[in-house]
Amino acid sequence: MNSITNIFREKKLKLTPQRIAVYRYLQSTKEHPSAETIYKALQTDYPTMSLATVYKALKTLTEVNLVIELNVGEGNFRYDSNVYPHPHIQCISCGKVDDVENVSFSDLNSKISEFTDYEVLTNKVYFYGVCKDCKDKAITLED
Ligand SMILES: [Zn+2]
Ligand SMILES: [Zn+2]
């Protein structure tokens, strides 16, 4: 059986082709696309799907925690179907967003608890830097 079908059933989500397409696309990529990027990528297969529909599907998927919304400070959101807490890094030169793998900040919550009387539930850690491609390009330009 289709696993997306099962996941949606578990979350009691109606299986609309749009939601399935958006979720499947997010699962196929590690690029943390924006709604516009998802919309453009799905145009060929779903020519009648509007950008508003993509936004609506993303909103629903975020509400049931199948997708996380990333605010990397660009004014628009990026989306990720990897909902397991993980840090992100964005290139300040080309804007791409990558996962930082094999590192966990779950102990950060208890650490922060020592400095606040809040009950700390979660955290979002973003790093910024220059990706390898951009760094290589800069070196070539210097020659
Ligand atoms: Zn870059
Ligand atoms: Zn991610």
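**A predicted two-domain chain in questions and answers**

The chain holds 6 helices and 5 strands, where helices (H or I, at least four residues) and strands (E, at least two) are DSSP runs numbered from the N terminus. This is a predicted model, in which local features need pLDDT of at least 70, side-chain atom pairs count only at pLDDT 80 or more, and totals for chains, interfaces and linings use all residues. Residues are numbered from 1 along each chain as its sequence is written, while chains are lettered from A and ligands numbered from 1 in the order in which they are written.

Student: Which pattern does the chain follow, read along the sequence?
Tutor: The elements to be placed are 6 helices and 5 strands. Along the sequence they give the pattern α-α-α-α-β-β-β-β-α-β-α.

Student: In which helix is confidence lowest in the chain?
Tutor: Confidence is expressed as pLDDT, the predictor's score for each residue from 0 to 100. The chain averages 91, and 97% of the residues score at least 70. Confidence is highest in helix H3 (residues 35-42), at 97, and lowest, at a mean of 85, in helix H6 (residues 132-142).

Student: How far apart do the C-alpha centres of domain 1 and domain 2 lie?
Tutor: The domain bounds come from an automatic or database domain assignment. That assignment gives domain 1 (1-83) and domain 2 (84-143). The C-alpha atoms of the chain fill a box of roughly 50 × 45 × 30 Å along the principal axes. The separation of the two domain centres is 22 Å.

Student: How many nonpolar, polar and charged residues are on the side of domain 1 that touches domain 2?
Tutor: Two residues are in contact if their C-beta atoms, placed from the backbone, lie within 7 Å; on that basis 8 residues of domain 1 are in contact with 8 residues of domain 2. For the classes, Ala, Val, Leu, Ile, Met, Phe, Trp, Tyr, Cys and Pro count as nonpolar, Asp, Glu, Lys and Arg as charged, and the others, Gly among them, as polar. The side of domain 1 that touches domain 2 accordingly has 3 nonpolar, 2 polar and 3 charged residues.

Student: In which order do the 3 strands of the open sheet stand?
Tutor: Two strands pair if DSSP finds at least two bridges between them. Strand S3 (residues 88-91) pairs with S5 in the parallel sense over 4 bridges, whereas S3 and S4 pair in the antiparallel sense over 3 bridges. The pairing is therefore mixed, and the order is S4-S3-S5.

Student: By what angle are neighbouring strands of this sheet turned against each other on average?
Tutor: The edge strands, each pairing on one side only, are S4 (97-99) and S5 (126-129). Axes are lines fitted to C-alpha atoms, for helices over the stretch in contact, and angles run from 0 to 180 degrees between N-to-C directions. With direction ignored, the average turn between neighbouring strands is 30°.

Student: Which residue of S5 is the bridge partner of Ile89?
Tutor: In S4, Ile89 has Asp98 as its bridge partner. Gln90 stands opposite Tyr128 in S5. The partner of Ile89 in S5 is Phe127.

Student: Is Gly95 buried, partly exposed or exposed?
Tutor: Gly95 lies in the loop between S3 and S4, a hairpin with 5 residues between the strands, and takes a positive phi near 85° there. A residue is buried if 20 or more other C-beta atoms, placed from the backbone, lie within 10 Å of its own, exposed if 12 or fewer, and partly exposed in between. Because 13 other C-beta atoms lie within 10 Å, Gly95 is partly exposed.

Student: How far apart in space are Gly95 and Val72, C-alpha to C-alpha?
Tutor: Residues 24 or more positions apart account for 48% of the contacts in the chain with a separation of 6 or more. Gly95 and Val72 are 23 residues apart in sequence, and their C-alpha distance is 9.5 Å.

Student: How many C-beta neighbours does Asn102 have inside 10 Å?
Tutor: Asn65, in the loop between helix H4 (51-63) and strand S1 (68-70), has a positive phi of about 60° although it is not a glycine, and counts as exposed with 9 C-beta neighbours inside 10 Å. Asn102 lies in the loop between S4 and helix H5 (106-113), and its phi is likewise positive, at about 60°. Asn102 counts as exposed because its C-beta neighbours inside 10 Å number 6.
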